[in-house]
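Here's a quick walk through one model, from cysteines to spaces to backbone oddities. Have a look at the structure first, then read on.

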Amino acid sequence: MILIADSGSTKTDWCYGTEIANCKIVQTEGINPFHQPEEKIQSIIYNELLPQLETPIQRCTAIYFYGAGCLPPKTESITRVLQNTFPEADIFIETDLLGAARALCKNEAGIACILGTGSNSCLYDGKTIIQNIPPLGYILGDEGSGAYLGKRFISDCLKGQLPEILRDGLQEKFDLTIPEILDKVYRQPQANRFLASFTPYIYEHRRMTQVHAFLLDCFGEFFRRNVLMYPQIFPVSFVGSIAWYFHEELEESAHSFNIPLGIFIKNPIDELTRYHFQLSEY
C-alpha cells in the first residue's frame with residue numbers, strides 16, 4: 001500500500017491503496033509544519049488519519065506527502081511523525097507546489113499555480129521545479145489567495161473603497177466589530193485562515209460591478225507579481241478552491257495580460273494518485 005497526501009493550511013486529502021482501482025480518499029485537518037508544532041501534527045495523524053484507514057499501517061510501503069510549509073528543516077517534524085507511525089514505509093516529503101505541478105502538468109513543462117488559502121507558482125520542466133517566485137505569505141505576498149482576497153476586501157470595505165452595503169452586510173453576516181477583526185488578524189493564531197473565511201461572501205457578491213473590478217485587480221496582482229516574472233510563458237494551470245470558484249475572473253484577468261491558460265482543478269489528490277500509480281518513476 002502507498003499513501004499520498006496533499007496538505008494545505010486548511011485541510012489534508014489522503015489517498016491510500018495498492019492500485020488506482022482500489023484507492024480510497026479520506027480527509028483530515030491541514031498540516032503545515034511552519035505553523036504547527038510536532039505534537040499537533042502527531043495528534044492529527046493519530047486522532048484523525050489512523051481511525052479512517054482500513055488497512056493495517058504495517059502494509060504501508062511508501063508515503064508521498066506534499067504539503068504547504070514543507071521546506072527543510074521544517075520537514076523534520078513530519079518525517080519523524082510519519083516514520084514512527086508507519087515504520088515500514090519509505091517517506092518522501094515534498095512541497096505542495098511540486099504536488100500541484102505533478103497534478104497539473106504530469107510530465108510536461110508548464111507554469112503551475114496554487115490559489116487556495118495561500119498562493120504560489122512555479123516554472124516546471126516536466127520533472128522538477130526550475131524556478132519559483134517566492135510567495136512570501138499573506139502579509140508580504142500570497143497575491144490572489146483566499147487570505148489576500150479577504151485582507152483586501154475587509155480593508156476596502158472598512159476604508160470606504162467599496163459600497164457601504166457590502167460593509168454593512170459583512171459586519172452583519174459575520175457579527176464582527178472592527179476591534180474583533182483586528183484582534184483576530186493581529187493577535188490570534190492562523191489569521192490567514194480567518195481572512196480566507198470571507199471568500200464565500202466575496203463569491204456571493206462577485207457579480208457586483210465594484211466587486212468584479214476588485215477581483216480583477218487582485219488576480220492582476222497575482223499575474224503581474226508572479227506569473228509574468230518567469231522568463232518563459234507556458235500555459236498556466238491552477239489548483240485550489242479560489243482558482244476553481246473564481247475561474248471566470250481569473251480567465252478574464254489572464255486574457256488582459258495575454259497569458260495562455262491550461263487547466264483548472266479544485267483538488268490535486270485525484271491527479272496525484274494517477275501520477276504515482278500510472279506515470280511516476282517511483
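## Cysteines

How many disulfides does a search of the whole structure find? The count comes back as zero, where a disulfide is a pair of cysteine sulfur atoms within 2.5 Å. Bear in mind that this is a predicted model: local features need pLDDT of at least 70, side-chain atom pairs count only at pLDDT 80 or more, and totals for chains, interfaces and linings use all residues. Residues are numbered from 1 along each chain as its sequence is written, and side-chain values use heavy atoms, with hydrogens and water left out.

Why is Cys 105 without a bond to Cys 122? Cys 122 holds the closest cysteine sulfur, but at 7.2 Å from the sulfur of Cys 105 that is too far for a bond. Cys 113 has a similar story: its closest cysteine sulfur is in Cys 122, 7.6 Å away, so again too far. Cys 105 is buried, at a relative accessible area of 9%, and Cys 113 is buried too, at 0%. (Buried means under 20% relative accessible area, exposed over 50%, and partly exposed in between, with a 1.4 Å probe and protein chains only.)

## The cavity and Gln 190

On to empty space. On a 1 Å grid over the protein atoms alone, a cavity is a set of points where a 1.4 Å probe fits but cannot get out, while a pocket is an open set with protein on both sides within 12 Å along at least five of seven lines; lining residues have an atom within 4 Å of a point. Points are joined across faces, edges and corners, and a volume is the space filled by probe spheres set on them.

The structure has one cavity of 30 Å³ or more, and the largest cavity holds about 50 Å³. Its lining includes Ser 9, Asn 32, His 35 and Gln 190. By type, that lining splits into one nonpolar, seven polar and one charged residue. (Ala, Val, Leu, Ile, Met, Phe, Trp, Tyr, Cys and Pro count as nonpolar, Asp, Glu, Lys and Arg as charged, and the others, Gly among them, as polar.)

Gln 190 also has a backbone quirk: a positive phi of about 55°, although it is not a glycine. Gln 190 sits in the loop between helix 7 and helix 8 (191-196) and is partly exposed, at 35%. (Helices, H or I with at least four residues, and strands, E with at least two, are DSSP runs numbered from the N terminus.)

## The second largest pocket

This pocket has a volume of about 310 Å³. Of its 13 lining residues, Lys 151, Ser 155, Leu 182, Val 185 and Tyr 186 lie nearest the centre. Helix 4 (137-140), helix 5 (146-158) and helix 7 (178-186) each give two or more residues to the lining, with helix 7 giving the most, five. The lining divides into 10 nonpolar, one polar and two charged residues.

## Loops with odd backbones

Leu 136, in the loop between strand 8 (129-131) and helix 4, is another residue other than glycine with a positive phi, near 70°.

Where's the cis peptide bond that involves Pro 73? It joins Pro 72 and Pro 73, with omega about 0°. Pro 72 is in the loop between strand 4 (62-67) and helix 2 (75-85), and Pro 73 lies in that loop as well. Pro 72 is exposed, with a relative accessible area of 69%.
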